[in-house]
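Reader: I am new to this one and would like to find my way around. Could you walk me through it, one question at a time?

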Number of protein chains: 4
Amino acid sequence: MAERKPDISWKEKLYIIIYEADTPAGKLFDLILLVTILASIMLVMLESVKSIDTRFHAVLNISEWVITILFTIEYIARIITVKQPLKYITSFYGIIDLLSTIPKYLSLIFAGTHALVALRALRLLRVFRILKLARFLGASDTLLSALKASRVKITVFLYAIVIISVILGTIMYLVEGEENGFTNIPKSVYWCIVTLTTVGFGDITPQTPLGQFIASLIMILGYGIIAVPTGIVTAEFTSQHKGKAPVKEEPRHLNTQCCENCLSINHKDDASFCNKCGYKL
Amino acid sequence: MAERKPDISWKEKLYIIIYEADTPAGKLFDLILLVTILASIMLVMLESVKSIDTRFHAVLNISEWVITILFTIEYIARIITVKQPLKYITSFYGIIDLLSTIPKYLSLIFAGTHALVALRALRLLRVFRILKLARFLGASDTLLSALKASRVKITVFLYAIVIISVILGTIMYLVEGEENGFTNIPKSVYWCIVTLTTVGFGDITPQTPLGQFIASLIMILGYGIIAVPTGIVTAEFTSQHKGKAPVKEEPRHLNTQCCENCLSINHKDDASFCNKCGYKL
Amino acid sequence: MAERKPDISWKEKLYIIIYEADTPAGKLFDLILLVTILASIMLVMLESVKSIDTRFHAVLNISEWVITILFTIEYIARIITVKQPLKYITSFYGIIDLLSTIPKYLSLIFAGTHALVALRALRLLRVFRILKLARFLGASDTLLSALKASRVKITVFLYAIVIISVILGTIMYLVEGEENGFTNIPKSVYWCIVTLTTVGFGDITPQTPLGQFIASLIMILGYGIIAVPTGIVTAEFTSQHKGKAPVKEEPRHLNTQCCENCLSINHKDDASFCNKCGYKL
Amino acid sequence: MAERKPDISWKEKLYIIIYEADTPAGKLFDLILLVTILASIMLVMLESVKSIDTRFHAVLNISEWVITILFTIEYIARIITVKQPLKYITSFYGIIDLLSTIPKYLSLIFAGTHALVALRALRLLRVFRILKLARFLGASDTLLSALKASRVKITVFLYAIVIISVILGTIMYLVEGEENGFTNIPKSVYWCIVTLTTVGFGDITPQTPLGQFIASLIMILGYGIIAVPTGIVTAEFTSQHKGKAPVKEEPRHLNTQCCENCLSINHKDDASFCNKCGYKL
């Protein structure tokens, strides 16, 4: 990064600040962004609490506007500095960034849209990216690769859960009937998922002896089934643990450089070209 | 499959379409069957919702009849094409296939039987067979073989759960009594299973201090017990993971051929005779 | 067993039938005992259901007496045949056997004691002993030895759970107070155990924002803590799985012989003396 | 310890009794302390139960004062005997020790502070230290080191849980709205944590079909997610199990000596100087 020529344009400077985190300015930007996002979530939460909103409506509204404007500036800056603006706009994070600013503006025109400001909570996902620092990357990488490796098994498992729930939910609807809260099959299936996952809200409960007997079977089934995803993931972790144990010891020096052209990350420190699109870094 | 002689009868052609999935027609048939089953489940669900049934009764009823007739045709076709019809009729899937068509016809004669159409949900199990494609087979095979290997241990475990529940449920009945919702021992045992599996509906809860103390012990017991099935299955997965890791890498080329005589599946690609009954494929 | 001299007394014959299961008569005795115990549990359950008891009171009462007399005969036979009757009477199973007959006799004199018949459920524990056949022994042995090996760790864990519950329960009592259902500290601790073990009855729930915040922390803690017993037991199972895998393959030929003198079991087939007390078998 | 010179001051003698557990007097002190702490917790609990407090108020109040005075004496003795009193006073245990005596004295002056006596429950944490005997140390060491090794992974995991809960809680607030109990976003997030951790109180439950559908997804997600911490901790345990198995066999002879200067523990038996501050033991 130190070899970067001093005569880069303000656009490139801004790009480095916004999309990368190796320079002090970039780190500061990320920190401010992190704080602003957390503050915006806190604001949305406080606003939703009636008693607080009534007392501090003016303060909350102004803070809301300040954050909306900050987010708008960030959104525009991101579009300007990136080489392929359309790619950013249509990307997952681009859409979320837009969704977290638009509702506040719309609330000036339409009355009901204010509640959509809550969509700003989705910006929390960016926190994952901001905090993708070397140390945490290591841990979440292991997590993600273990989950990825067991993806097919977990899909089959979830698939089985849904089919079992539909079948057992239908049977419970026939057994218990509308008079005991199982008013229709979708609700019955919902109850079955609540029971199978051992959540057990208790808003709907079987009343007939036969229904309670079947419910007992469902609960024991759910209690046993929980062993399956655990077994899958654990087996994956255990094998990774053994294979990658020595690798984990060596420090990770991934830089936070991000390709100007295609926004891909995870380039090596000494990389001169993007390993995805070949664009000069 | 390509070496099959061109002069096979229409029955054999139909057989290949219905029971196998290697030909384009066979794949199309499976796809249509899958969609029809899912549609039929959706129909049964919608019908059970009062508000929807009142508004769209005619549409739902007609769709219901269309699907019933389609299922009937499929059922008859399966009987005609298979070499040993009785074997199919008395098989698990054969009975389910019948149960998913009969209730609708019966509803013409008897009033109350319509609700049994919900039994059609059992046809969802066929989805497992339809989707038994090479890739998923691998995953569910591992799942099933791990579960099979730990079958005895799990049986002992479930057995212990039931005995513990009966004993603790009886004790709770004596401690709490009818005035606190533990009206009889079966209900008390039901409550105990609800608690031991950490489902916790909350429709029945201990009210006396002693009852709450015993309940606390049951909960901690249940919380600890969950480790047992998890441990069993995980140990199985871990050992399979190690032993079968290289095997899993090689692609699986299981064909979907199904013996005309005994309906057994999982034949090798180059098999000329059924490995179960010796019938020529 | 075949070398046993034919001139053994009727006492010894009875002993072999009651305490061992290698002879056809012994097996039959165990089977009858198993069925009788299950029938007695079923009876106790049915009796506790008001509607059934009202209609079939006479039938249930007579069956109850039949079973009580059968159990009494068995109890007396066990005392007569065993060499050290006091050892049996004061043993765990001896006390349970007595407790399952006494209450019915007492109900003739005192009115309230009939409910204690439910203590008969404890006899279900004998089922474990009856079913201690070679095959199940293998599985439950692995289970038990894994649990035994991780006994100290599990004790420390349960200990930590109780201390955490007391501390968090006390804090919740201070935060929520009596007006929100946390009427006293023991109840608060009970609530905390309900929450920590993810049972969640919902009979008591935090109402204040601070209480809900602390409750959230408790829940996430409980969700994370469940990993600990699972980890302990799984690690134990996995290591046993590896070490004992070849051992498990070889068939177990444990006989069901039981020392007449000290009631210890698990003697080898060719053993001539008890391996606990040296008494001749 | 036997080589200790007989001419040590009473302060040093007291120090050895209070802070160490190798001498009979030290062991007795620890035992009395343990019993007193448990008794004080029991007292606080009984006092919080209205019916008991009304009947035995005088007895409870006197016992309360006895324990408060005992704790005060212990607190003062600890300050006097230790070389660096300030270090003890500002240490974690020092603050807890103070907090468990102060409220009772304050209750003489201010009316409302009595409830704070419940803070005494925090003294239970000292039980961990008292019971830090060789045997349990081994087990809890393995527990702690396994948890420490997976610290980063667990942090990332908990972090993800919170973010998922905020996002899903916000969505549920938008979907269900105030009329169905999701009165504000913090409450909605609380509900989401209750559901995701499979606790499921049932005080707030989704009422709309869409809400129930999203709730089902959250439950299945939570059911699957539980595999992650389990997998992490198990993998850690399994690897420790293998590596440390022979180490665990050898008996641990840690003495309970505690540095007079800096209060650090876990010194070797033959240590003459504190391994933390170099002070002579």
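The questions below go from confidence in the model to the contacts between chains and then to a single residue.

Reader: Which ipTM does the predictor give the complex?
Author: Glad to start there, since this is a predicted model. The predictor gives the complex a pTM of 0.80. Its ipTM for the complex is 0.78.

Reader: Among the elements of chain A, which has the highest mean pLDDT?
Author: Chain A as a whole averages a pLDDT of 77, and 75% of the residues score at least 70. At the low end of its elements is helix 9 of chain A (residues 134-149), with a mean of 61. The highest mean, 92, belongs to residues 185-196 of chain A, that is, helix 11.

Reader: How many contacts, beyond near neighbours in sequence, does the stretch 244-254 of chain A have in the model?
Author: This is a part to read with care, as the pLDDT over residues 244-254 of chain A is below 50. Beyond near neighbours in sequence, the number of contacts the model shows for this stretch is eleven.

Reader: What area do chain D and chain A bury between them?
Author: The size of an interface is often given as the accessible area lost when the parts come together. Here 47 residues of chain D are in contact with 51 residues of chain A. Carbon and sulfur atoms carry 77% of the area buried between chain D and chain A. That buried area is about 4000 Å².

Reader: Which residue of chain D forms a salt bridge with Lys50(A)?
Author: The rule finds one salt bridge across the interface of chain D and chain A. Its closest N and O atoms are 3.0 Å apart, which meets the cut-off because a salt bridge needs these atoms within 4 Å. The partner of Lys50(A) is Glu178(D).

Reader: Which helix of chain D supplies the largest share of the side that touches chain A?
Author: Helices 10, 11, 12 and 13 of chain D each supply at least two residues of that side. By class, the side of chain D that touches chain A has 26 nonpolar, 16 polar and five charged residues. The largest share is 13 residues, and it comes from helix 10 of chain D.

Reader: And on the other interface, which residue of chain B meets Glu178(A) in a salt bridge?
Author: Chain B puts 50 residues in contact with 47 residues of chain A, and the two chains bury about 4000 Å² between them. One salt bridge is found across this interface. The N to O distance is 3.0 Å, and the residue that meets Glu178(A) is Lys50(B).

Reader: Which helix of chain B gives the largest share of the side that touches chain A?
Author: Several elements give two or more residues to this side of chain B, including helix 2 (24-48) and helix 8 (124-130). The side of chain B that touches chain A has 33 nonpolar, eleven polar and six charged residues. Its largest share, nine residues, comes from helix 13 of chain B.

Reader: Is Arg120(A) buried or exposed?
Author: Arg120(A) sits in the loop between helix 7 and helix 8 of chain A. Leaving aside neighbours within four places in sequence, Arg120(A) has contacts that include Ile41(A), Phe71(A) and Lys104(A). Its relative accessibility is 1%, and the cut-off is under 20%, so Arg120(A) counts as buried.

Reader: Which side chain makes a polar contact with the side chain of Arg120(A)?
Author: Among the residues in contact with Arg120(A) are Ser40(A), Glu64(A) and Thr68(A). The polar contact between side chains is at 2.8 Å, and the partner of Arg120(A) is Glu64(A).

Key. Residues numbered from 1 in each chain as written. Chains lettered and ligands numbered in written order. Predicted model: local features only at pLDDT ≥ 70, side-chain atom pairs only at ≥ 80, totals over all residues. Heavy atoms only, no water. Contact = heavy atoms within 4.5 Å. Buried area = accessible area lost by both parts, 1.4 Å probe. Salt bridge = Lys/Arg side-chain N within 4 Å of Asp/Glu carboxyl O. Helix = DSSP H or I, 4+ residues; strand = E, 2+ residues; numbered from the N terminus. Nonpolar A, V, L, I, M, F, W, Y, C, P; charged D, E, K, R; others polar. pLDDT = per-residue confidence, 0-100. Buried < 20%, exposed > 50% of the residue type's maximum accessible area, 1.4 Å probe, protein only. Polar contact = N/O pair within 3.5 Å; in protein donor to acceptor, adjacent residues only side chain to side chain.
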